[in-house]
Amino acid sequence: MTVLTTEQLDRFAADGFLRLERVVDDVELARLREIYDAVVADPGPLSIDHRTRESTKGSLLQIFVPEQRYPELLDTTFFTSGVQMAAALLDVEAERIEPRSHMIFKPASYGVATPWHQDAAYRPPDASERSVNLWLALDDAPVEAGCMQFVPGSHVGPIHDHDFVVESGSLLTDVKEAVDVDVSAATPCPVPAGGGTLHGFRTLHYTGPNTTDHDRRAWIIILRADQETT
Ligand code: NI
């Protein structure tokens, strides 16, 4: 179980993201890889293949809520640590955190970049969501494989305008890119397999293309605090 230190909580509050050297142990990592590979081999209807015209196979495959098919995932350290960390970062009871995961698969050599964006851009403009994302690397994720990158402090700025991405003349379905943002302070967060990152709802982030000779399997949990009902 990963428990965030006061220093980590302070750093997240200042930067809008955190790098985690280790989130799950080797035993759980092996099990998560098995499930991930089974889901990628049979993505089912809850998936989007953001393919480009040049690429006939999925150059950016996204698969949603695999925990519906594998409910055992809810009991993994990945999920339970995520819930605890989100509760600490959002300062709510763990029972108030709702986890919902998705996978983003970037195949070796031709996985494409995920453009700079804020997750808030994917929600209705009036959404008052409080959430953090836990991004887990199932493979070593150096910059060249498409590790997470963040703009420190962007989480306290505005929600920027975003456009849908047109790449090499073909639309990447449902992928948005922030318009006119300064990413000169971008901070890459390379992590080993089993490590990951946390980021906020408004934190500007990006992952590069995968130019390595191994797949980049990433698994993300959106950890949302439910709304106050009092
Ligand atoms: Ni995102």
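Visitor: How many aromatic pairs does the structure hold?
Guide: The model is a predicted one. Pairing is judged from the rings of Phe, Tyr and Trp, whose centres must lie within 6.5 Å. The number of aromatic pairs that the structure holds is six.

Visitor: Are the rings of Tyr 36 and Phe 105 stacked, tilted or edge-to-face?
Guide: A pair of aromatic rings is described by the distance of the centres and the angle of the planes. For Tyr 36 and Phe 105 the centres are 6.4 Å apart and the planes stand at 55°. Planes under 30 degrees apart would count as stacked and over 60 as edge-to-face. The angle of 55° falls under neither heading, so the pair of Tyr 36 and Phe 105 is tilted.

Visitor: How many residues apart are Tyr 36 and Phe 105, the pair that links distant parts of the chain?
Guide: Tyr 36 belongs to helix 2, residues 26-41, and Phe 105 to strand 4. Both Tyr 36 and Phe 105 are buried. Along the chain, the two residues are apart by 69 residues.

Visitor: How do the rings of Phe 78 and Phe 79 meet: stacked, tilted or edge-to-face?
Guide: The ring centres of Phe 78 and Phe 79 are 5.5 Å apart, with the planes at 80°. Phe 78 is buried at a relative accessible area of 0%, and Phe 79 is buried at 1%. Planes over 60 degrees apart set the class, so the pair of Phe 78 and Phe 79 is edge-to-face.

Visitor: Which residues form one aromatic cluster with Phe 78 and Phe 79?
Guide: The tilted pair contributes Tyr 36 and Phe 105. The cluster also takes in a tryptophan, Trp 219. Together with Phe 78 and Phe 79, the members are Tyr 36, Phe 105 and Trp 219.

Visitor: Which residues are the protein donors of the nickel ion?
Guide: The donor residues follow the sequence spacing H-x1-D-x85-H. Asp 119 lies in the loop between strand 5 and strand 6 and His 205 in strand 12, so this pair ties together parts that are 86 residues apart in sequence. Asp 119 and His 205 are both buried. The donors lie 2.1 Å from the nickel ion, and they are His 117 (NE2), Asp 119 (OD) and His 205 (NE2).

Visitor: Is Gln 149, which is in contact with His 205, buried or exposed?
Guide: Gln 149 is placed in strand 7, residues 148-150. Beyond its neighbours within four places in sequence, its contacts include Trp 116, Leu 204, His 205 and Tyr 206. Its relative accessible area is 11%, and the limit for burial is under 20%, so Gln 149 is buried.

Visitor: Where does Cys 147 lie, and what is its relative accessible area?
Guide: Cys 147 lies in the loop between strand 6 and strand 7. Leaving out residues up to four places away in sequence, it touches several others, among them Trp 135, Pro 188, Cys 189 and Tyr 206. Cys 147 is buried, with a relative accessible area of 0%.

Visitor: Which strand gives the largest share of the lining of the largest pocket?
Guide: The largest pocket has a volume of about 660 Å³ and is lined by 30 residues, with Gln 62, Phe 64, His 102, Ile 104 and Tyr 122 nearest its centre. By class, the lining has twelve nonpolar, ten polar and eight charged residues. Several strands supply at least two residues each, including strand 3, strand 9 and strand 13. The largest share, five residues, comes from strand 4.

Visitor: Which element gives the largest share of the lining of the second largest pocket?
Guide: This pocket has a volume of about 210 Å³, and its lining of 15 residues has Phe 12, Ser 131, His 155, Gly 200 and Phe 201 nearest the centre. Helix 1, helix 3 and strand 6 each supply at least two residues. The largest share is three residues, and it comes from strand 6.

Visitor: Is Asp 180, with its positive phi, buried or exposed?
Guide: Phi of Asp 180 is near 55°, although the residue is not glycine. Asp 180 lies in the loop between strand 9 and strand 10. Its relative accessibility is 77%, where over 50% is required, so Asp 180 counts as exposed.

Technical notes. Residues numbered from 1 in each chain as written. Predicted model: local features only at pLDDT ≥ 70, side-chain atom pairs only at ≥ 80, totals over all residues. Heavy atoms only, no water. 1 Å grid on protein atoms, 1.4 Å probe; cavity = no way out; pocket = protein on both sides within 12 Å on 5 of 7 lines; lining within 4 Å. Points joined across faces, edges and corners; volume = space filled by probe spheres on them. Helix = DSSP H or I, 4+ residues; strand = E, 2+ residues; numbered from the N terminus. Nonpolar A, V, L, I, M, F, W, Y, C, P; charged D, E, K, R; others polar. Donors = N, O, S within 2.8 Å, 3.2 Å for Na, K, Ca; no water. Buried < 20%, exposed > 50% of the residue type's maximum accessible area, 1.4 Å probe, protein only. Contact = heavy atoms within 4.5 Å.
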